Amino acid sequence: MKFKFEKLLIWQRAMDFGERIDALAGKFPKYEMFNLSLQIRKAGDSVALNISEGAIGQSNAEQSRFMGYGIRSLAETVTCLYKAKRRNYISDDEFASNYGEAYNLMNMMVAFKNNMK
């Protein structure tokens, strides 16, 4: 591992979460390809992208700002999960599993952000 962010457990978990969300979005109806499936994939991927971008920054303030962006992306992903559940694209179990992972990741990210202050 050569980059600082690769050592971060939150980045590793966010990477895994993004892959889970990508696989889940692949089950959505074809007509959602450029709507909800694209939105949830982008939001899910943005969590890890923001963590890594912030970790490369020059200051704790910058890292904290990008962690905030990542937390917002995670909230957007959760809202997309709700939309997918309401539209019956995913099961209650799929929703609960991914919601639980998002909640755990959010708590980790908030704690990490708060430790930078």
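Here are three short exercises on a predicted model, each with a worked solution.

**Exercise 1.** Work out how the span of helix H2 fits the expected value, and find where H2 bends.

*Solution.* Start with the residues: H2 runs over residues 36-55, which gives 20 residues. Next, look at the ends: from the first C-alpha to the last, H2 reaches 29 Å, close to the 28 Å expected at 1.5 Å a residue. Finally, follow the axis: at Ser46, H2 bends by about 30°.

**Exercise 2.** Decide whether Leu38 is buried, partly exposed or exposed, and say which surface patch Leu38 belongs to.

*Solution.* First, place the residue: Leu38 lies in helix H2. Then take its relative accessible area, 37%. Buried means under 20% and exposed means over 50%, so Leu38 counts as partly exposed. Last, look at the patch: Leu38, Met33 and Phe34 make a nonpolar surface patch of about 330 Å². For contrast, the buried residues of H2 include Ile40, Val47 and Ile51, and what covers the buried residues of H2 includes helices H1, H3 and H4.

**Exercise 3.** Trace the salt bridges of Glu101 and find the network they form.

*Solution.* Recall that side chains of opposite charge can pair when their charged atoms come close. Step one: Arg13 and Glu101 form a salt bridge at 3.1 Å, N to O. This pair links helix H1 with helix H4, 88 residues apart. Step two: Glu101 also has a salt bridge with Arg20, with the closest N and O atoms 3.9 Å apart. Here the partners are 81 residues apart. Step three: through shared partners, Arg13, Arg20 and Glu101 are joined into one network.

Terms used
Residues are numbered from 1 along each chain as its sequence is written. This is a predicted model: local features need pLDDT of at least 70, side-chain atom pairs count only at pLDDT 80 or more; totals for chains, interfaces and linings use all residues. Side-chain values use heavy atoms; hydrogens and water are left out. Helices (H or I, at least four residues) and strands (E, at least two) are DSSP runs, numbered from the N terminus. The expected span of a helix is 1.5 Å times one less than its number of residues. The bend at a residue is the angle between axes fitted to the seven residues ending there and the seven starting there. Buried means under 20% relative accessible area, exposed over 50%, partly exposed in between (1.4 Å probe, protein chains only). Contact means heavy atoms within 4.5 Å. Patches are made of residues with over 30% relative accessible area and no salt bridge: like charges are joined within 9 Å, nonpolar side chains (Val, Leu, Ile, Met, Phe, Trp, Tyr) within 5 Å. Accessible areas come from the Shrake-Rupley method with a 1.4 Å probe; for residues, only the protein chains shown count as cover. A salt bridge is a side-chain nitrogen of Lys or Arg within 4 Å of a carboxyl oxygen of Asp or Glu.
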